[in-house]
Amino acid sequence: MIRKAVDNPAVDSICHIPTGARRRSVPKGWARWVLSAPLLLFLTVFAVLPVFYGLWISLTDQSVLRSDINFIGLANYAAVLTDKAFWSALWFTVWYTVVTTALVLVTGFVLAVLANRRFPGKRGLFTFLLLPIMIAPALMGLMFRLALNGDTGLIPGLLRHFGLDVSLFDPHAVTTLLVVLEVLQWTPFTFLIIYSGLQALPAELFEAASIDGATKLQAIRYITLPLMGPTLFAAGFLRAVDALRTFDVIYVLTGGGPGTITTSLSIYVYKMAFISGSFGVAQAAAVLILLIMIPLAPIIIGRVVAQPWSKK
Amino acid sequence: MLAGASSALGATTVNMVLWPGPEGDAMQKVVDAWNKEQGAEQGVRVKMILLSRDNTFSRETTEIGAKSSNIDIYFVASYNLNFYQAGLEPIGTIGVDESNYFKSAIDSLKIGGKLYALPLDVSNHFLYYRKDLIARLLSDDAWKSKYRDITKTVLGAARDPKDPSEWDADDYLATAAFFSKSANPDSPTQYGTALQLKTLVFNITHWDDLLWGLGGNWLGPDGKANLTSSAAKKAMNIYSTIYKNKWTSPDSAQAEFSETNSALESGNAAFALQWSAAYAELTSPELAPRIADKIAVAPIPGNPHSTHVHALAIALNKYAKNKDAAEMWMKYLATPQGMDAYAKAGGIPSMPKVLSDNVHLNAAFAPIIDDVGKYGYSPPLFSGTFDAMTQMIEALNPGWVGITPIDDALADANQKLQAQLDKMK
């Protein structure tokens, strides 16, 4: 967007930027490297080197159980790929990501559309709606562990008051419970992004549609949704990335169980590193997760980043 | 930041990790007193590093894996001492008088005959039960008759109720049914017991008590995994029967220490296997007003009674910068005086004499001395013990809560335990 604006002669004339000055402002040769050096150094130290160090560890038998480190080739990768628990964690994580991302997008969109009008108490409602994202996920897990306690918890007590004796921690209900908590915590996030997007839509389009006799649902279907596509994609992308890394709430509430049915990839890697003490295997699992995700990156970047530039 | 540093007065600072909670609170008081008096004279200042209870061992794993010298004294436990051995120094030079300690505690901290850690707290299990309910069961003819009917259904033969100190695994199972509304609509409690079934490594220890009490063990006489034994099947069957029949809350699938306390405190459960550390809370009129005066403890049901015992301990970092200073502090903690101060501050030292001298401070000390000494056992200890416990509970838990057939769960646990044992070869 910035480049487009600067390249526009009309903008230049409004801003009184002389062409020569604009040319001189672009660093050339060694100057661009000097100016980029802090960022490059930061990326090298905190991103590139750790990745290469991680790759090296994944090819070794480094473990808390031994003081020496030996190169063992791809043995750790073979160990992870033949571990049923890894595939189970991968399946659960993908399922959890898809389901929770879809749900937070739908609920966030519905709430944003409902809130996109004037009504009394709107400020208070917004404050209330945004509260869950201000709570740390681990704390959220702890709060619900207490609130859902069958003996002393508020929620089972209320349900019993209305004649519903439901076990929310039942092994067959626990994955649903985790999804509900994720939706509860992160719907405000998608709501906020989508609401901001709705505010930016031109009101004239909706007025014209209304004059043409379009119903509210038709306006949403044919105007709001197409125009909100990029916003929805960005919100979904951010939530999906976060859901893929989910650790805290699940670890606090279920520890990855019963058995391993709610073990996410993050919990799998954590257990490998800190309970088994097998840093090499844990690192190989982390690299494999990265490799699985990499093919998705161009598609996502293409949608989220490249789209505005392609309009040049 | 964590690295040992000399203060302006020239004292050496020893960095020691402990975990927060009763142990950390108690040790902080001992540390403060040491820093003010003896430590100041000897030029050794101790700095406590309290990490979160869940992540203490994760952080230590990272430190030890990196051969770091940030920490001088690590916090360890019997079940993970072997896991950390590569980063620890034996503490033979401290001159610990082993006769002061529970034998099971001191033995659990030795590797190859060498002592690697200094015991602090001893941890074991009790059967916590409602003495008012059991007293009525033992005296009321109508209840006795109903109990016999229920035992006939549950066990296949009628039994009379017994005092909890005489229970075996069958009494435990039958009484769980008797005090559950699903089996006995007239029960004064919703559930007979409260199992701790969450996929949490420590929760396997309660099931182990039943296994040991039925004559079982993780390992057979040949040293190989033995979780498909008849004792293991019976222990498994007891857990799954209790869960399936709602003799424990369905929510106990995700229950651990605090949920079990809640079940007893709310009056929803009649008895439960629980850690000795729960005694203070369950008998406190402020924290457990409904049941504080009604709770009693008995040995874990079994024949023989068997309670898991582990010691929480401190160990010297092999790569510590301040070994001499750290040893001076550990030497003090190895004395009865040091542990007496710890007991008075709220700890549960592994020294029977110190516990008996302080029974007036904590009534749990008396049964701890009795049960740990008579019925205590330590699970097989090897470098993969902690990992094996984690993998076993992941395998057994689906069997306990009815997701997997119990034979499949046991076979899976057995295979995982054997794989861990094979790694040690």
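Colleague: How many helices and how many strands make up the secondary structure of chain A?

Modeller: Keep in mind that this is a predicted model. Of the 312 residues in chain A, 30% count as buried. As for secondary structure, chain A has 16 helices and zero strands.

Colleague: Among contacts in chain A between residues at least 6 apart in sequence, what share joins residues at least 24 apart?

Modeller: Chain A is split into domain 1, residues 1–58, and domain 2, residues 74–309. Five residues of domain 1 and eight of domain 2 take part in the contact between these two domains of chain A. Counting contacts in chain A between residues at least 6 apart in sequence, the share joining residues at least 24 apart is 71%.

Colleague: On the side of domain 1 of chain A that touches domain 2 of chain A, how do the residues divide into nonpolar, polar and charged?

Modeller: The domains in question are 1–58 and 74–309 of chain A, with five residues coming from domain 1. On that domain 1 side, the split is three nonpolar, two polar and no charged.

Colleague: Now the two chains: which helix gives the largest share of the side of chain A that touches chain B?

Modeller: The contact between the chains draws 27 residues from chain A and 29 from chain B. By class, the chain A side has 10 nonpolar, 13 polar and four charged residues. Its largest share is three residues, and they come from helix α14 of chain A, residues 265–275.

Colleague: What ipTM does the model score?

Modeller: Chain B averages a pLDDT of 94, and 98% of its residues score at least 70. Over residues 1–8 of chain B, though, pLDDT stays under 50. For the whole model, pTM is 0.85 and ipTM is 0.84.

Colleague: Which element of chain B supplies the largest share of the side of its domain 1 that touches its domain 2?

Modeller: Chain B has domain 1 at 12–124 + 309–377 and domain 2 at 125–308 + 391–423. Their contact takes 15 residues from domain 1 of chain B and 17 from domain 2 of chain B. On the domain 1 side, α16 (365–375) and β14 (376–377) of chain B each supply at least two residues. The largest share there, four residues, comes from α16(B).

Colleague: How far apart are the end C-alpha atoms of helix α17 of chain B, and why does that agree with its 16 residues?

Modeller: Helix α17 of chain B runs over residues 385–400, and at 1.5 Å a residue its 16 residues should span 22 Å. There is a kink of about 25° at B:Glu394 in α17(B), shortly before B:Pro398. The end C-alpha atoms of α17(B) agree with the expected span, as their separation is 21 Å.

Colleague: Where is the residue that takes a positive phi just after α17(B)?

Modeller: α17(B) is mostly covered, with 16 of its 16 residues buried. Just after this helix, a positive phi of about 80° turns up at B:Gly402.

Colleague: Is B:Gln391 buried or exposed?

Modeller: B:Gln391 sits in helix α17 of chain B. Leaving out residues up to four places away in sequence, B:Gln391 touches B:Lys416 and B:Gln420. Because B:Gln391 has 25 C-beta neighbours inside 10 Å, its class is buried.

Colleague: What distance separates the C-alpha atoms of B:Gln391 and B:Gln415?

Modeller: Along the chain, B:Gln391 and B:Gln415 are 24 residues apart. In space, their C-alpha atoms are separated by 9.9 Å.

Key
Residues are numbered from 1 along each chain as its sequence is written. Chains are lettered from A and ligands numbered from 1 in the order in which they are written. This is a predicted model: local features need pLDDT of at least 70, side-chain atom pairs count only at pLDDT 80 or more; totals for chains, interfaces and linings use all residues. Domain bounds come from an automatic or database domain assignment. Two residues are in contact if their C-beta atoms, placed from the backbone, lie within 7 Å. Ala, Val, Leu, Ile, Met, Phe, Trp, Tyr, Cys and Pro count as nonpolar, Asp, Glu, Lys and Arg as charged, and the others, Gly among them, as polar. A residue is buried if 20 or more other C-beta atoms lie within 10 Å of its own, exposed if 12 or fewer, and partly exposed in between; C-beta atoms are placed from the backbone. The expected span of a helix is 1.5 Å times one less than its number of residues. The bend at a residue is the angle between axes fitted to the seven residues ending there and the seven starting there. pLDDT is the predictor's confidence in each residue, from 0 to 100.
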